[in-house]
Every structure is written in C-alpha cells, then in structure tokens.
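Student: I've got a model open and some labels I'd like to pick apart. Can we go through what earns each one?

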Amino acid sequence: MLSRTSTAASHSLIVASSTNASKSFSNLNRNIPRFLGFNHFSPNLPDCSCSGYVSFGWNTSSNRKFNRSRMEGFAVRASAQPLQNADELIDSVETFIFDCDGVIWKGDKLIDGVPETLDMLRSKGKRLVFVTNNSTKSRKQYGKKFETLGLNVTEEEIFASSFAAAAYLKSIDFPKEKKIYVIGEEGILKELELAGYQYLGGPEDGGKKIELKPGFLMEHDEDVGAVVVGFDRYFNYYKVQYGTLCIRENPGCLFIATNRDAVTHLTDAQEWAGGGSMVGALCGSTQREPLVVGKPSTFMMDYLANKFGIQKSQICMVGDRLDTDILFGQNGGCKTLLVLSGVTSLSTLQSPNNSIQPDFYTNKISDFLSLKAATV
Ligand SMILES: [Mg+2]
C-alpha cells in the first residue's frame, strides 16, 4: 500500500569535511561537482516554469551523464491515492517534514487541528521538521511565528531557505574573508551573520537608484565571492546591476538562489510574483543558472538527513505544492503526502496536465487524527 511506483535514487549530502580556512577560493569551483547529489534531473517538472529547478551554471559532462542515467531509471508514477489509512503511513516512517504555508498555517492563521496533530505525532515518537522556501525570515524569526501561533517548535526543527543558503556556503567551506552580495530580505542576512559571513546588499540597497550620466560606471566589490538571491520586495535595478557585475566579473563568483518559486501568497486575494522572478532577472543578465538550495532541490533534505541521521525512505514529505514540496520529497526518495489545505486543488492534482503525483493526498494534516477514516 505504501510502496511507490518508482523510487528516486538515494543521494547523500557530501559535506566538505575540511575546515581549513586557508583553502583557496579558486578551489570552490573544483568542489562544486561534489554537490551533484542535489542537482537532480526532475522527471516531473512542469513544462516551462521550472519553478525551483536546481541547476549549475557550469554543465559538466559528468553532470549531463548523471542526468541521463536518472532519466532512464524513472518509471511513470501512478496517480495519487486518497489517504485512507493514516496509521499505516505514520507507522511506516520515522520523520515527517512539513511545509509551512498552506499546511501548518495560512498567512497568520493556524490551520484547524494542527496543534493536536503535531502532538499526536510527537507522542508516537515521530521526528518533526518544518521546511519553507520563504527566505524573508531566519530560523529564529520563524521560531517566533510558531510560538505566536501557540506551537511548540524549536529552532533546530525549522529549515528555511535563508538558513539553507548559509548552510550551503558552510558546506563548501566558503572562505570567511570573501563577501556575499545579498538580493533578498532580513532572513538571509541574519543567517549569514550567524554563520560568520561578511555580506553586503539586502534591504539597505532597496532605496538605491542609478543615475545614468555619460561615462557613468558602477563600482563593485571585487571581494564578493557569492551572490545570494531570494524573494525581495525591494528589488530594483541597482541590485540587478550590482549582482550581475559580481557574477560576471569576479572570478569564481557563485550564483545561489534560495528558491525559484514562480509565485507566492503575500495576500490571500491573488498570487504574487515569487522569488523566481528575482532569480530570473539575474539569469537573464548573467546568462548563468543558479545553484538552488531551497525546494525542490534536495540540499535541505540531504542536510537534515545527514544532521539527524535519517534514512530518506523513513521520511514523509507533507506539502501543499506539487512543483516544490512533492517534487522535493520525490527528488529525495521520500514518501509524499499532498494536503489540499493550501494552493493545490483536487482538480489541479487530477488534471491531465499535471504530471507530479504524490503517493497520497488528503484535505489537511488533521486528517491524521481520524486515522482510518480520513475522507477526501
Ligand atoms: Mg506551502
């Protein structure tokens, strides 16, 4: 009942073990192929949006071969089944990874039955992890949000893409003497600071304007070794040009995206342009593809599997989005459960145009409480 029609190959995070601070920055690019484990071919990517698709700016021959072999190994996935026996799913895994918006809360409102459901899972000894692509807050700030909503969640259980950007840089021994240019909000800055990195940009550059005069040239810091791009409500041309100069002109400069989400839900009235729009601008100007650390790239999955020593087959990813959450779980080789309490409707899931099929779907996570009687 709980078996999947195809199992994504298991990939493990290769965390750079060397902490030798003297490692030269030029070694970084040579280190990159070690992270092919999360540069996955995604067989179920929606046709053109490539939302969240992780890829490298440098497409090595081993990378191409890797992708081809994954493609050949995939079988067609069967249609998602309504969750009928929650007990069986709960008993089959040791960890639940929850997306937040649309699963735990909607905007600032807790979804019905969430506290009781999380309590029940904890009482059964399940490890709970919360993963979000939203990079505007740090783990600490998310911790406060959970607290405000009356949920008992520790910072260690929260993995936001802002944290993932800093964790990624740490994992490759990004030199502390180099700087990071940030296009994004407070969350990224706070996580970089906690990780001990020097940064510039962020909200501070939100009000900067370019005044074009004959011969005008924008200076940029040649010590910038990475540009991190996340969702940014104060995105402007200054930031695009600054980030572009760093990526194009600083040798070995990394281009890192927290996510490539096409849309986000700033208000409940409509969908708003997401982090993918900021990343896309830099792709256009640099002709480079970013390294994505948020969903559906498996960096965070690899990171937490490594951190907690979890087998990915013992994880169930629970989310409300097909092209990020469910793909994230599938790319990581986990079981997947789609909840219909967020952005995906049953008709979208069952549309012939949708090729991303979770293992199961249900209305909301509190259906776990009705155990054998979950109805959709
Ligand atoms: Mg969501």
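Tutor: Sure, let's take the labels one by one, bearing in mind that this is a predicted model.

Student: What makes strand 1 and strand 6 the edges of their sheet?

Tutor: The order is 1-16-15-14-2-5-6 in an open sheet of seven strands, with parallel pairing. Strand 1 (81–82) and strand 6 (158–160) each have a single partner strand, so one side of each lacks a neighbour in the sheet.

Student: How do you know that strand 2 and strand 14 count as paired?

Tutor: Pairing needs at least two bridges. Strand 2 (residues 95–99) and strand 14 (residues 315–319) are joined by four and run parallel, so they count as a pair. For a spot to look at, isoleucine 97 sits opposite methionine 317 in strand 14.

Student: And what about strand 10 and strand 13, how many bridges join them?

Tutor: Two bridges, again with the strands parallel. The cut-off is at least two, so the pair qualifies. Alanine 257 faces valine 292 of strand 13 there.

Student: Why is strand 10 said to be covered on both faces?

Tutor: Look at the side chains of residues 254–257: Leu254 and Ile256 are on one side, Phe255 and Ala257 on the other, and all are buried. Buried here means 20 or more other C-beta atoms within 10 Å of the residue's own, so each of the four reaches that count.

Student: What is the handedness of the crossover that leads into strand 10?

Tutor: Right-handed: the chain goes from strand 9 through helix 8 (residues 237–249) to strand 10 as a β-α-β crossover. With the strands pointing away from you, the path from strand 9 over helix 8 to strand 10 therefore runs clockwise. Strand 9 (residues 224–229) and strand 10 also pair in the parallel sense, over four bridges.

Student: Now helix 6 and helix 7: at what angle do they cross?

Tutor: Roughly 35 degrees, with the axes of helix 6 (residues 161–171) and helix 7 (residues 186–194) coming within 8 Å. The crossing is right-handed, so the near helix is turned clockwise from the far one. Helix 6 contributes Ser162, Phe163, Ala165 and Ala166 to the contact, and helix 7 contributes Gly187, Ile188, Glu191, Leu192 and Leu194.

Student: How does that contact break down by class?

Tutor: Six nonpolar, two polar and one charged. Gly counts as polar, so Gly187 belongs with Ser162, while Glu191 is the charged one.

Note on methods
Residues are numbered from 1 along each chain as its sequence is written. This is a predicted model: local features need pLDDT of at least 70, side-chain atom pairs count only at pLDDT 80 or more; totals for chains, interfaces and linings use all residues. Axes are lines fitted to C-alpha atoms, for helices over the stretch in contact, and angles run from 0 to 180 degrees between N-to-C directions. Two residues are in contact if their C-beta atoms, placed from the backbone, lie within 7 Å. A residue is buried if 20 or more other C-beta atoms lie within 10 Å of its own, exposed if 12 or fewer, and partly exposed in between; C-beta atoms are placed from the backbone.
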